[in-house]
Amino acid sequence: MAITFKNVDYFYDLGTPIATAGLKNISLTIPDNSYTAIIGHTGSGKSTLLQHLNALLKPSHGEVQIDSRVITAETNNKNLKSLRKKVGIVFQFAEHQLFEETVGKDIAFGPMNFGATQAEALEIAREMLTTVGLDEKYFDVSPFDLSGGQMRRVAIAGVLALKPDILVLDEPTAGLDPKSRQAMMDLFLELHEKRGLSIILVTHQMDDVADFAEHVFILEQGQLIKSGTPQEIFNDYQFMLDHGLGLPKATQFALKMRQQGFKVPTLPLKEAELVDLITKQLTETEQ
Amino acid sequence: MDKLILGRFVPGDTWIHHMDPRSKILISFYFIAIIFLANNVASYALMIAFTLGVIFLSGVDQKFFFRGVRPLFFLILITVLFQLFLTRGGHVYWQFGPFALSQYGIISSIYVFLRFMMIILMSTLLTLTTAPLMIADGIEALLNPLKKLHLPIDQLALMISLALRFVPTLMDETMAIMNAQRARGVDFGDGGLMKRVKAMVPVLIPLFVNTFSRAGDLAIAMESRGYNGETERTRYRVLQWHAVDTIAIIVMVVLTAALIFARN
């Protein structure tokens with residue numbers, strides 16, 4: 001299931017004196033079964049873009065095509081529900097959406113909204129709880145008794161329970177400790193590789209972009225300023241630094257090596273690639 | 001949700017904007033009080049002219065004022081209908097049981113409507129041209145004499161400013177939670193009244209929980225910066241009485257005189 005934006009503009013408070021542009025002339029395609037990263041500063045339009053992915057917002061001009069559905073400014077607000085089942089969005093600080101008495105009921109909330117019976121929904125909830133790496137003993141616990149990181153997992157399970165084809169993640173690891181962060185990123189990769197979910201990840205972590213993404217879109221002030229594979233965008237490291245976006249740690253290290261006179265033919269993005277590069281340098285010096 | 005006018009301050013550079021919040025609050029209340037003195041066409045015309053005049057002076061787009069009226073539309077409508085059909089007197093045009101359409105009924109319903117509109121427009125003008133924190137400062141200054149009665153005015157003012165400060169935050173948070181629940185298949189605009197009320201539960205519970213935890217954090221942050229309700233605090237923004245304020249007071253005196261002259 002692919003998502004295509006064609007010349008999408010979005011204005012907040014359209015038709016009032018305080019109208020402001022959220023997105024300007026965005027055209028992009030997110031192919032089926034892909035892992036896409038969207039990066040940009042706070043206020044660059046990332047969250048606005050995300051809300052177009054399941055028609056929470058409709059473009060002011062232009063069109064968004066989700067699977068076979070075309071969403072324009074004139075699209076009726078009714079009958080968008082089926083889209084929301086296909087595109088699951090985990091918002092920033094998703095733990096703020098929990099409200100039910102028990103973890104199980106909260107995860108089952110989504111499926112029940114889409115017509116599952118209570119028994120079916122609880123069945124899915126149980127499965128999702130373990131998928132996100134929480135023990136089954138939490139099933140009947142109040143979500144408000146959990147730690148922040150656990151609550152985040154429950155919220156993610158609540159979105160996974162919709163069984164979406166596309167999973168959209170808005171800074172899913174913000175504020176988590178390194179171990180949970182790693183576990184969570186591994187979970188998303190597994191969902192992508194084993195269950196064939198498309199992942200759309202909004203992040204400030206360039207290491208995550210380097211490690212996981214297949215394609216990257218960079219937004220600035222509501223405009224798409226660059227797109228490409230991680231290798232392509234980080235090769236243009238001057239651009240990334242000029243726009244204050246940063247580089248993966250491995251790339252930063254390699255650039256310092258280059259400054260010191262080491263030969264760095266292709267810039268490494270991942271830790272493993274950097275290790276390869278250094279090993280090669282060391283063996284060459286020995287010879 | 002974003003149509004709520006409360007706390008929607010529109011910055012500007014006009015006489016109205018530059019007035020001291022104390023005089024603005026006093027004058028708004030005073031104006032609302034003297035509206036009830038108007039009792040004939042001439043006096044209502046005078047008050048309407050004044051209201052439109054200050055709205056024009058404020059330079060704020062009329063659209064904002066209409067948005068202020070919209071949420072109260074039904075209240076106005078019902079009150080006006082009551083006046084229209086339940087007031088007796090003068091020539092009766094139509095009658096059915098306890099309801100009657102009479103000459104006095106028509107006149108008094110028009111007056112009630114105008115009174116409502118003026119009260120709403122004036123209070124909207126106050127909140128549109130005064131930053132929420134300035135209103136809080138103004139209220140505090142005006143309530144200051146009550147300290148002699150050992151009323152906790154400082155704390156009250158702090159509560160008002162905190163409440164005003166968090167209105168936009170709560171709005172944003174409500175929108176964020178609604179979006180998250182929409183993404184989980186909630187349809188807020190769908191179904192009958194009961195279904196719609198039920199759909200708000202997944203929004204209200206997280207909102208309450210987050211608000212309580214934020215209030216706790218805020219209290220700790222304030223205490224760690226040495227806040228103490230007992231001590232006298234100095235302030236960063238000191239209210240200043242300008243010439244505009246004195247002029248405004250004079251205008252109100254003239255208006256009152258004209259009003260008393262115009263009414264019968």
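These are my notebook entries on the sheets, two loop residues, a pocket and the cavities of this predicted model.

**Entry 1: the six-stranded sheet of chain A**

I began with the strand order. Chain A has an open sheet of 6 strands in the order 6-7-8-3-9-10, and its pairing is mixed. I looked up the edges next: strand 6 (87-90) and strand 10 (223-228) of chain A each pair on one side only. From one strand to the next, the twist averages 15°.

Then I checked what packs on this sheet. Helix 5 (residues 148-160) of chain A does, touching strand 6 and strand 7 (166-170) of chain A. The direction of helix 5 makes about 170° with that of strand 6 of chain A. Helix 6 (residues 178-195) of chain A lies across strand 3, strand 7 and strand 8 of chain A. I noted its angle to strand 3 of chain A as about 135°.

**Entry 2: strand 3 of chain A**

I stayed with strand 3 and asked myself which strands it pairs with in the parallel sense. One is strand 8 (residues 198-202) of chain A, joined to strand 3 (residues 35-39) over 4 bridges. Another is strand 9 (residues 215-220) of chain A, also parallel and also over 4 bridges. A:Ile38 makes a handy marker here: its bridge partner in strand 8 of chain A is A:Val202, and in strand 9 of chain A it stands opposite A:Phe217.

Is strand 3 of chain A buried or exposed? I found 5 of its 5 residues buried, so the strand is largely enclosed by the rest of the structure. As a reminder to myself, side chains in a regular strand alternate between the two faces of the sheet. Here A:Tyr35, A:Ala37 and A:Ile39 point one way, while A:Thr36 and A:Ile38 point the other way, and all are buried.

**Entry 3: the four-stranded sheet of chain A**

I moved on to the other open sheet on my list, where 4 strands of chain A follow the order 2-1-4-5 with antiparallel pairing. Strand 2 (20-30) and strand 5 (69-71) of chain A are at the edges; each has a single partner strand, so one side of each is left without a neighbour in the sheet. The twist in this sheet averages 25° from one strand to the next.

I also followed strand 1 (residues 3-12) of chain A, which runs antiparallel to strand 2 of chain A and is joined to it by 7 bridges. One pair I wrote down is A:Thr4 with its bridge partner A:Thr29 in strand 2 of chain A.

**Entry 4: two positive phi values**

I keep in mind that most residues other than glycine have a negative phi. A:Asn33 is not a glycine, yet its phi is positive, about 55°. I located A:Asn33 in the loop between strand 2 and strand 3 of chain A. With a relative accessible area of 40%, A:Asn33 is partly exposed.

A:Glu171 likewise has a positive phi, near 45°. Where does A:Glu171 sit? I found A:Glu171 in the loop between strand 7 and helix 6 of chain A. A:Glu171 has a relative accessible area of 17% and is buried, the cut-off being under 20%.

**Entry 5: the second largest pocket**

I turned to chain B for the second largest pocket, which holds about 900 Å³ of space. There are 28 lining residues, and the closest to the pocket centre are B:Asp137, B:Glu140, B:Leu158, B:Arg233 and B:Arg235. Helix 7 (132-143), helix 8 (153-183) and helix 9 (193-224) of chain B are the elements that give two or more residues to this lining.

Which element gives the largest share of the lining? My lookup says helix 8 of chain B, with 7 residues. By class, the lining divides into 11 nonpolar, 6 polar and 11 charged residues.

**Entry 6: the cavities**

I closed with the enclosed spaces. How many cavities of 30 Å³ or more are there? The count comes to 2. The largest cavity contains about 40 Å³ of space.

I listed its lining from both chains: A:Asn77, A:Leu80, A:Lys81 and A:Arg84 come from chain A, and B:Arg182, B:Gly185, B:Val186 and B:Asp187 from chain B. Sorted by class, that lining has 2 nonpolar, 2 polar and 4 charged residues.

Conventions:
Residues are numbered from 1 along each chain as its sequence is written. Chains are lettered from A and ligands numbered from 1 in the order in which they are written. This is a predicted model: local features need pLDDT of at least 70, side-chain atom pairs count only at pLDDT 80 or more; totals for chains, interfaces and linings use all residues. Side-chain values use heavy atoms; hydrogens and water are left out. On a 1 Å grid over the protein atoms alone, a cavity is a set of points where a 1.4 Å probe fits but cannot get out, and a pocket is an open set with protein on both sides within 12 Å along at least five of seven lines; lining residues have an atom within 4 Å of a point. Grid points are joined across faces, edges and corners, and a volume is the space filled by probe spheres set on the points. Ala, Val, Leu, Ile, Met, Phe, Trp, Tyr, Cys and Pro count as nonpolar, Asp, Glu, Lys and Arg as charged, and the others, Gly among them, as polar. Two strands pair if DSSP finds at least two bridges between them. Axes are lines fitted to C-alpha atoms, for helices over the stretch in contact, and angles run from 0 to 180 degrees between N-to-C directions. Contact means heavy atoms within 4.5 Å. Buried means under 20% relative accessible area, exposed over 50%, partly exposed in between (1.4 Å probe, protein chains only).
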